[in-house]
Amino acid sequence: EALNKLNMSLKTTSKVAQTLYEGVEISGQSKKQPLVTYIRTDSTRVAPEAQAKAKKFISEVYGEKYTIDKPRNFKNKKDAQDAHEAIRPISLKYKPEDLKDKIQKDEYRLYKLIYDRFLASQMADATYNSLVVDIECNGYKFKTTGKSLIFEGYTALYNNQTQDDENEESSSKLPNIEKGDTFVAKETKPEQKWTKPPARYTEASLVKAMEEKGIGRPSTYTQSVST
């Protein structure tokens, strides 16, 4: 995720994550401050206390409609050891924006990703209107499908899509359209599609493939890919 969102390599991500776990030097403080829980974990489990604090925080900052009635839990993979909690901020009081100018740039970027992703996992879903639009023009019919946003939910804080997903998502978003609306054709673009070979592996897609096939653990991914 750090590579997809922040363009950080596995080595850099591992190094910075270790620093966030052991403690970062915050300007103005004499002691190093740990910011995240244990980072070599494959668990998705979150402590009930952390979920309760997240709900309270979300209600105060974003509003009650962004909270969920019951804490959201995720299933662990079959071979997950689950010895530690999922990676999350130790305390929500250490807001990323408050630390931006007090810690290293990469520390801030990775911490913000972990912080936002954790909060988003405990926020309400986004809701959309699904649209199917038929357009008539000089006896020809054109059809498009898409969606319009009703409520942004967790996407107000975190977008969990990759760049390709985002491009596809942006092309599928439609404005509010009513029956009988008139459109103006701006451009006609003929296209021919070709079969594409599978994309080459990136560090991120290689880790994803290893996860799916049960190869290695979070603590060994960096070494395996580097080798």
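This report looks at helix H3 and at Glu203 in a predicted model.

**Helix H3**

Let's start with helix H3, which runs over residues 48-61 and so contributes 14 residues by the helix assignment used here. From its first C-alpha to its last, H3 reaches 20 Å, close to the 20 Å expected at 1.5 Å a residue.

Which residues of H3 are buried, and which are exposed? The table sorts them for you.

| Setting in H3 | Residues |
|---|---|
| Buried | Ala50, Gln51, Ala54, Phe57, Ile58 |
| Exposed, on the other side | Pro48, Glu49, Lys53, Lys56, Glu60 |

Try looking down the axis of H3: the buried residues fall within an arc of 125°, so they line one face of the helix. What covers these buried residues? Part of the cover is helix H5 (105-121). Just after H3 comes Gly63, and this glycine takes a positive phi of about 115°.

**Glu203**

Now move along the chain to helix H7, residues 203-213, where you will find Glu203. Is Glu203 buried, exposed or partly exposed? Its relative accessibility is 30%, and partly exposed means between 20% and 50%, so Glu203 counts as partly exposed.

Which residues does Glu203 touch, once its neighbours within four places in sequence are left aside? Glu203 is in contact with Leu3, Ser9, Leu10 and Val225. For Tyr62, you can look up two separations from Glu203: 141 residues in sequence, and 35 Å in space from C-alpha to C-alpha.

Note on methods: Residues numbered from 1 in each chain as written. Predicted model: local features only at pLDDT ≥ 70, side-chain atom pairs only at ≥ 80, totals over all residues. Heavy atoms only, no water. Helix = DSSP H or I, 4+ residues; strand = E, 2+ residues; numbered from the N terminus. Expected span 1.5 Å × (residues − 1). Buried < 20%, exposed > 50% of the residue type's maximum accessible area, 1.4 Å probe, protein only. Arc of directions from axis to C-beta. Contact = heavy atoms within 4.5 Å.
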